[in-house]
Amino acid sequence: MKITWKDCFKVVISILIVYLCVFYWENVANLLGVLLSASLPIIFGLIIAYVLNILMSFYEKHYFTRWKENTFVKKSRRGVCLVAAILTLIGIVTAIVWIVIPELVMAIQFLISEIPPIIEKVLESEFVVNTLPEDILSQFSNTNWNEFISKGTEYLTNGIGNALNTVVNTVSTVTSTFITSVISIIFAIYFLLSKEDLQRQSKKVLHLYLPSEFEQKVLHVLQVLNDCFHRYVVGQCVEAVILGLLCILGMLVFRFPYAVMVGTLIGFTALIPVAGAYIGATVGAIMILTISPIKALLFIVFVLVLQQLEGNLIYPKVVGKSVGLPAVWVLA
């Protein structure tokens, strides 16, 4: 076997890299952390672009299909469909926030105002009077619970520690997050406007640096991943809409309060795999608890029944087993 200078150079560089990583791991880790932090806008941009591309591809398939060969239609398809996808996503998020947040804030305020009377009733109950010692009971009874909760809320609102440092850190975090979000959106728009060119260039890079057989395997894996995740995201969104509508309809039939708000919240949280709908149901039960404890209990039973019907009948039909993703990857 003939050894060339190129082979020796590769071996020396590899040994040098391993040596630096082993003996200067702290510096290497810091460098990797800086690189990862600097790459976050690109990573988030790719994620945003992937989600938006699902909507954009849908619009592109239905954008003046009868005149698809028209020059103006060809040139305007990408830009118009991208704007439509962005506006659709913004509209969905805005609608959910507009429906959910005001009702949720009112319910939390109501719960806070109702806590003192509940505590007083508990302290006056026969079980507590017979169980707790008199000195502890007298301390609880003499406590001004309204003032206690107000101070606790104010303490949580103001935060802990130096107020100036808290404000500076908060402003810094918000500014950094805002800048990262804006840059990520800009990257996502560039990715979507030139996705075919990026795909072609990526294939060229793989072809240049990978053996032909390995290149085909990598492309096959990426294609399967894209197909599976695309079908999963679409199916999950459709399933979430169906679950939300069924929840709203059922709550209206059984006369549960906050039907539209809770149904929307459950549909939105259903996008989170495995536990999403239960998170929405917990928040909904807490809100209904402000109106009637009995209805809150019946609502939990209703959601459990609905989840069983959805998980055994609707979900397999909509998402199906053809996605081919293990549960751990879906959750990740």
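1. Order of elements. From the N terminus on, the chain of this predicted model runs α-α-α-α-α-α-α-α-α-α-α-α-α. That is 13 helices and zero strands.

2. Chain totals. The protein chain has 332 residues, and buried residues make up 24% of them. Its accessible surface comes to about 23800 Å². Carbon and sulfur atoms account for 71% of that surface. Take the contacts between residues at least 6 apart in sequence: 67% of these join residues at least 24 apart.

3. Main core. The largest nonpolar core holds 24 residues. Which of them touch the most other members? They are Met251, Ile266, Phe299 and Phe302. Several helices each supply at least two residues of this core: helix 3 (71-124), helix 9 (212-253), helix 10 (259-269), helix 11 (276-289) and helix 12 (293-318). Apart from this core lies another, of 11 residues. Its members include Tyr63, Ala85, Ala188 and Leu192. As background, nonpolar side chains in soluble globular proteins tend to be buried together.

4. Methionine 251 in detail. Leave out residues up to four places away in sequence, and methionine 251 touches Phe256, Pro257, Tyr258, Ala259, Val262, Gly263, Ile288, Phe299 and Phe302. Two of these partners, Phe299 and Phe302, are also among the core residues named for touching the most other members.

5. Aromatic pairs. The count comes to nine aromatic pairs. One of them joins tyrosine 63 and phenylalanine 64, with 4.9 Å from centre to centre and 75 degrees between the planes. The pair counts as edge-to-face because the angle is over 60 degrees. The two residues are covered to unlike degrees: tyrosine 63 is buried, at 11% relative accessible area, whereas phenylalanine 64 is partly exposed, at 43%. Elsewhere, ring pairs link Phe254, Phe256, Phe299 and Phe302 into a cluster. Phe299 and Phe302 thus appear again, having been listed for the main core.

6. Salt bridge across the chain. The whole structure has six salt bridges. One joins lysine 195 to glutamate 60, with the closest N and O atoms 3.8 Å apart. This pair links distant parts of the chain. Lysine 195 lies in helix 8 (residues 195-209) and glutamate 60 in helix 2 (residues 25-61), 135 residues apart. Is glutamate 60 buried or exposed? Glutamate 60 counts as buried, because its relative accessibility of 16% is under the 20% cut-off.

7. Salt bridges within helices. Aspartate 197 and arginine 200 meet at 2.5 Å, N to O. They are three residues apart in helix 8, so about one helical turn separates them. Both ends are partly exposed: aspartate 197 at 34% relative accessibility, arginine 200 at 43%. In helix 9, lysine 217 and glutamate 213 lie four residues apart, about one turn of the helix. Their side chains meet in a salt bridge of 3.8 Å, N to O. Lysine 217 counts as partly exposed, at 48%. Glutamate 213 counts as exposed, at 58%.

8. Salt-bridge network. Which residues are joined into one network by salt bridges that share partners? They are Glu60, Arg78, Lys195 and Glu196. Glu60 and Lys195 are the pair already described between helix 2 and helix 8.

9. Cysteines. How many disulfides does a search of the whole structure find? It finds zero. Cysteine 228 is buried, with a relative accessible area of 9%. Cysteine 237 is partly exposed, at 36%.

10. Backbone in one loop. Most residues other than glycine have a negative phi. Arginine 255 has a positive value, near 60 degrees. Tyrosine 258 is not a glycine either, and its phi is positive at about 55 degrees. Arginine 255 sits in the loop between helix 9 and helix 10. Tyrosine 258 is placed in the loop between helix 9 and helix 10 as well. Arginine 255 is exposed, since its relative accessible area of 68% is over the 50% cut-off. Tyrosine 258 is partly exposed, at 22%. Tyrosine 258 is also one of the residues that methionine 251 touches.

Notes
Residues are numbered from 1 along each chain as its sequence is written. This is a predicted model: local features need pLDDT of at least 70, side-chain atom pairs count only at pLDDT 80 or more; totals for chains, interfaces and linings use all residues. Side-chain values use heavy atoms; hydrogens and water are left out. Rings of Phe, Tyr and Trp (its six-membered ring) pair if their centres lie within 6.5 Å; planes under 30 degrees apart count as stacked, over 60 as edge-to-face and the rest as tilted. Buried means under 20% relative accessible area, exposed over 50%, partly exposed in between (1.4 Å probe, protein chains only). A nonpolar core is a set of buried Ala, Val, Leu, Ile, Met, Phe, Trp, Tyr and Cys residues joined through side-chain atoms within 4.5 Å. Contact means heavy atoms within 4.5 Å. Accessible areas come from the Shrake-Rupley method with a 1.4 Å probe; for residues, only the protein chains shown count as cover. A disulfide is a pair of cysteine sulfur atoms within 2.5 Å. A salt bridge is a side-chain nitrogen of Lys or Arg within 4 Å of a carboxyl oxygen of Asp or Glu.
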